[in-house]
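Please look over the sequence and structure shown here before reading on. The report that follows takes up a few parts of the model in turn.

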Amino acid sequence: MITATGKSILKGIAIGKIRFLAKKQVEIKENAADAAAELKRFEDAKALAIEQLQGLYDKAVVEAGEEHAAIFDIHMMMLDDDDYNESISDLINSEGKTAEYAVKTTGENFAEMFATMDDEYMKARAADVRDISGRVVNILTGADTGPADSDEPFIIVAEDLAPSETVQLDKSKLLGFVTRLGSTNSHTAILARNMNIPALIGTEISEEWDGKMAIIDGYNSCIYIEPEEELLKTLDEKRVHDLEQRAMLQQLKGQPNVTLDGTEINVYANIGNVSDVGMVLENDAGGIGLFRSEFIYLNSKTFPTEDEQFGIYKKVAEAMAGKKVIIRTLDIGADKQADYFNLPKEENPALGYRAIRICLMQRDIFKTQIRAILRAAAFGKVSIMFPMIISVSEVKDAKAILEECRQELIAEGKEIGDVEIGIMIETPAAVMLADELAEEVEFFSIGTNDLTQYTLAIDRQNPKLDPFYDSHHPAVLRLIEKTVQAGHRHNCWVGICGELGADTTLTETFLRMGMDELSVNPGSVLGLRKVIRELDLGTAKEPEPPVPAKATEEEPPAPAEATEEPAAVPEGTPEPEPEKPIKKSRFSLFGKNKNK
Amino acid sequence: MKEFSYTITDSVGIHARPAGVLVKLIKPFASKCTITKGDKTEELGKLMKVMGMGIKCGDTVVIKVEGSDEAAAAETIENFFKENL
């Protein structure tokens, strides 16, 4: 058995015989005597190439849709590009080269230009230029392109796959592919994701594999050639299990996130980019629970303008078509830096000048963003969320600025929409003040990553601290519970948008706490839905400690906080919640409007 | 001459597809159309050159149109930018 490793594009297992796609090496003659004849040969070959591309375009439209076929349209235009053609005719005319030599050289030069750009997407376009040039060269030299048809399903192994090659493959027989070249942005990778088949790139391949039995293990990023019986059996079981699992998750689309005993919770998705919205819709998330707006700032070389931001927020709001979109205002600083902010180096960036602190000090930046959000709210259901809150006055200040923006926009005659206002709960201070904070806002979203870091005083980037780190630390779980209770006391819905939200070993705990929403990565939505739908809280009203009871015995109860809220319950003995009805009503029923 | 500047909001920037559409869009016009980012200027009709500029989300570009039908051409281009980029 041979094992080769690569970079996995899709987690999955493929088992089948390998078909090795060898690129035919054709001698290319360099010099020609008759330039006019070579030019004519090139023009004819180009015309035929365009005809072939048109055929591929038509085929791809039917098989994969217009969006996917567009690449062949681009290919046709590239073949028609002035500079590309000029370079070819120059080589033929003034340097006496053959048509195939001129096309090959020009193709390589243009591919090189794309390959050296500092943009992953454009780098991947080098393959397109090579593809079209290769097509013309093949026509000129009489070499044929594309693999032959096959009767049994196969795993493709190749140096690289050009888009025109992938579209020619019989998709019903394609089990997976392994290439030596390619990037995660390449057509190969995109095709693998679209077709949902395992693929490895960056793998050391061998022509000798042709015709041999193999397994692609997308989980472990490797391919086994002529696998042992035992391994074959194990991985085949895994493959069947995957298929069942996937089919089951797909069936969950359109189903409510409700437990067997009827407790419902909203499952939303976190995004960091406009392009993630597709994944959100594909996985049937109920909304966007966290839109990390900082990517707009991090991808920019200067402060993004109101119109730029408005365009982006509007796109997302419209794409979500009435589903909730919670935009977190600028959370820059700490580990997320943009040069033009000119933030000074800090001893303790995690405890430094970041997020709402920047926004409240540099109000012009904050106002630009808020104005953009208010305008985008006219095109969908938009909520705004302030990060890193530690005091009530910060929330009041932020709301005052929001109100100021609203008045300005109205005065300017700009179209705006209503926004729901919420805050991130990610500092122990915010939890201690949750009752007062809840009076100011309509929702809380718990950022468990920062809350854990600030509560345990543990830097997650430091591997040395791993022995001390417990993501289920009772202190953190109790803070979460306190937040839910305080929120519900004041008609404020509560969700989680940190990593813990997707931790299915805690889903039951969160449901029992009365959590209203969990926002997770788009890919985790259906899996979480499955867990929720299999849970039976049956005993939802029975007092059961939602946090590990053991820990509560070791520690004395926390001193009662110095708020006017005397409801500091002894830890670990949750009182029967008088606010249950609120929990049942979920947020669609919360008709309050504190911000106006 | 008509001129306008525009800041790209599309997350991928002027990638292959919009660059291709732009090339097609200006073909019927007689005017000369250029696109400038920083100190680089290219003709809008040249697909590979425009793609090679690597215009990203957040970049500001200046479009210049000069010729007999410049008003109509500029308007067509500007509408395309606003709607798609």
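## Nonpolar cores

In this predicted model, the largest nonpolar core has 90 residues, and those that touch the most other members are F291(A), F341(A), F386(A), F444(A), I480(A), F510(A) and M515(A). A second core, of 60 residues, lies apart from the largest one and includes A45(A), F72(A), I92(A) and A111(A). In soluble globular proteins, nonpolar side chains tend to be buried together.

To take one residue of the largest core as an example, F386(A) is in contact, once its neighbours within four places in sequence are left aside, with T329(A), I356(A), F366(A), A398(A), L402(A), I421(A), G422(A), I423(A) and M424(A).

## A pair of helices in chain A

Helix α1(A), which covers residues 35-64, packs against helix α3(A), residues 82-93, at an angle of about 150°, and their axes are 9 Å apart. Because an angle over 145 degrees counts as roughly antiparallel, α1(A) and α3(A) are described in that way, and their crossing is right-handed.

On the α1(A) side the contact is made by A35(A), E38(A), L39(A), F42(A) and K46(A), which meet N85(A), I88(A), S89(A), I92(A) and N93(A) of α3(A). By character, the residues of this contact comprise five nonpolar, three polar and two charged.

## Chain B

Chain B contains three helices and four strands, which follow one another along the sequence in the pattern β-α-β-β-α-β-α. Chain B has 85 residues, of which 53% count as buried. When contacts in chain B between residues at least 6 apart in sequence are considered, 71% of them join residues at least 24 apart.

Terms used: Residues numbered from 1 in each chain as written. Chains lettered and ligands numbered in written order. Predicted model: local features only at pLDDT ≥ 70, side-chain atom pairs only at ≥ 80, totals over all residues. Heavy atoms only, no water. Axes fitted to C-alpha atoms, helices over the stretch in contact; angles between N-to-C directions. Helix = DSSP H or I, 4+ residues; strand = E, 2+ residues; numbered from the N terminus. Parallel < 35°, antiparallel > 145°, perpendicular 65-115°, else oblique. Left-handed = near helix turned anticlockwise from the far one by under 90°. Contact = heavy atoms within 4.5 Å. Nonpolar A, V, L, I, M, F, W, Y, C, P; charged D, E, K, R; others polar. Core = buried A, V, L, I, M, F, W, Y, C linked by side-chain atoms within 4.5 Å. Buried < 20%, exposed > 50% of the residue type's maximum accessible area, 1.4 Å probe, protein only.
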